[in-house]
Amino acid sequence: MDLTFVKRSGKFDELTIRRADATTETISCPKQGIIPHDMIHYAVESVLAHRGFLSLVAQGQTADYATSGGAHEEAIERLVETFQAEMWGGRVPAADLIATYEHACGARGHAIVAVAANDIAAIRDRLDELGRQWAGVPTNGTLTLRL
């Protein structure tokens, strides 16, 4: 599946998803001041190879806020949110990030997906690289990623 992010000048960026069966879907991505939320999904899901939002979309679900899966996909969403919060607030020790993630899962009443400090480091490396790439994309430019 190809994910083509387009940096726009307004309040939204854009993501066009091209699935393996050649179907496409384009969604708006609210600007965040960091990389787009779905790009964080890419970093997490490509490093951990766990099913999450992008896996559901690859299988044909519509890419919107109603996309839903089971507890595993919910756990990945909490991990993405934890990394997103860290990108806004600054790096913390890996153990603290994992504890925050586990707390978020517990607060929502679902299990965690096991992650270790080396997983956190690999995801952070991927996020750093995506951040550098995204910063270099001009307005109306694109960044395409393959999952």
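Here are some friendly questions and answers about this predicted model.

Me: In which order do the strands of the open sheet stand?
Reply: Happy to start there. The open sheet has 4 strands, and their pairing is antiparallel. 5 bridges join β1 (residues 2-6) to β2 (residues 12-18), and 7 bridges join β2 to β3. The order is β3-β2-β1-β4.

Me: Which strands have one side left without a neighbour in the sheet?
Reply: Look for the strands at the edges, since each of them has a single partner strand, so one side of each has no neighbour in the sheet. The strands are β3 (24-30) and β4 (142-146).

Me: By how many degrees are neighbouring strands of this sheet turned against each other on average?
Reply: Good one to check in your viewer. This is the open sheet with the order β3-β2-β1-β4. With direction ignored, the average turn between its neighbouring strands is 20 degrees.

Me: Which residue in β3 does E14 stand opposite?
Reply: Let's go across the strands. E14 in β2 has V6 opposite. Towards β3, which runs antiparallel to β2, the residue opposite E14 is S28.

Me: Which side chains of β3 point to one face and are buried?
Reply: In a regular strand, side chains alternate between the two faces of the sheet. Along β3 they do alternate: T24, T26, S28 and P30 point to one face and are not buried. Pointing to the other face, and buried, are E25, I27 and C29.

Me: Which residue in the hairpin of β2 and β3 takes a positive phi?
Reply: The hairpin has 5 residues between the strands. The positive phi is near 75 degrees, and the residue that takes it is A22.

Me: What angle does the direction of helix α5 make with that of β4?
Reply: Two helices are worth viewing together here. Helix α1 (residues 37-48) lies across β1, β2, β3 and β4, and runs at about 30 degrees to β4. Helix α5 (residues 117-135) packs on the sheet and touches β1, β2 and β4. Its direction makes an angle with that of β4 of about 150 degrees.

Me: Which element gives the largest share of the largest nonpolar core?
Reply: The largest nonpolar core has 39 residues, and L3, M39, V44, L79 and F83 touch the most other members. Beyond its sequence neighbours within four places, L3 has contacts that include L15, Y42, L54 and L143. The largest share of the core is 6 residues, and it comes from α1.

Me: What kind of aromatic pair do F5 and W134 form?
Reply: A search of the whole structure finds 1 aromatic pair. It links F5 in strand β1 with W134 in helix α5, 129 residues apart. The ring centres lie 6.3 Å apart and the planes make 80 degrees; because planes over 60 degrees apart count that way, the pair is edge-to-face.

Me: How far from the centre of the W134 ring is the charged end of K7?
Reply: W134 counts as buried, because its relative accessibility is 6% and the cut-off is under 20%. The charged end of K7 sits over the W134 ring, and its distance from the centre is 5.0 Å.

Me: Is G33 buried or exposed?
Reply: G33 is found in the loop between β3 and α1. Its C-alpha atom is 9.7 Å from that of M87, which is 54 residues away along the chain. Since its relative accessibility is 79% and the cut-off is over 50%, G33 counts as exposed.

Key. Residues numbered from 1 in each chain as written. Predicted model: local features only at pLDDT ≥ 70, side-chain atom pairs only at ≥ 80, totals over all residues. Heavy atoms only, no water. Pairing = 2+ DSSP bridges. Axes fitted to C-alpha atoms, helices over the stretch in contact; angles between N-to-C directions. Contact = heavy atoms within 4.5 Å. Core = buried A, V, L, I, M, F, W, Y, C linked by side-chain atoms within 4.5 Å. Buried < 20%, exposed > 50% of the residue type's maximum accessible area, 1.4 Å probe, protein only. Phe/Tyr/Trp six-rings, centres within 6.5 Å; stacked < 30°, edge-to-face > 60°. Lys NZ or Arg CZ within 6 Å of the ring centre and 35° of its normal.
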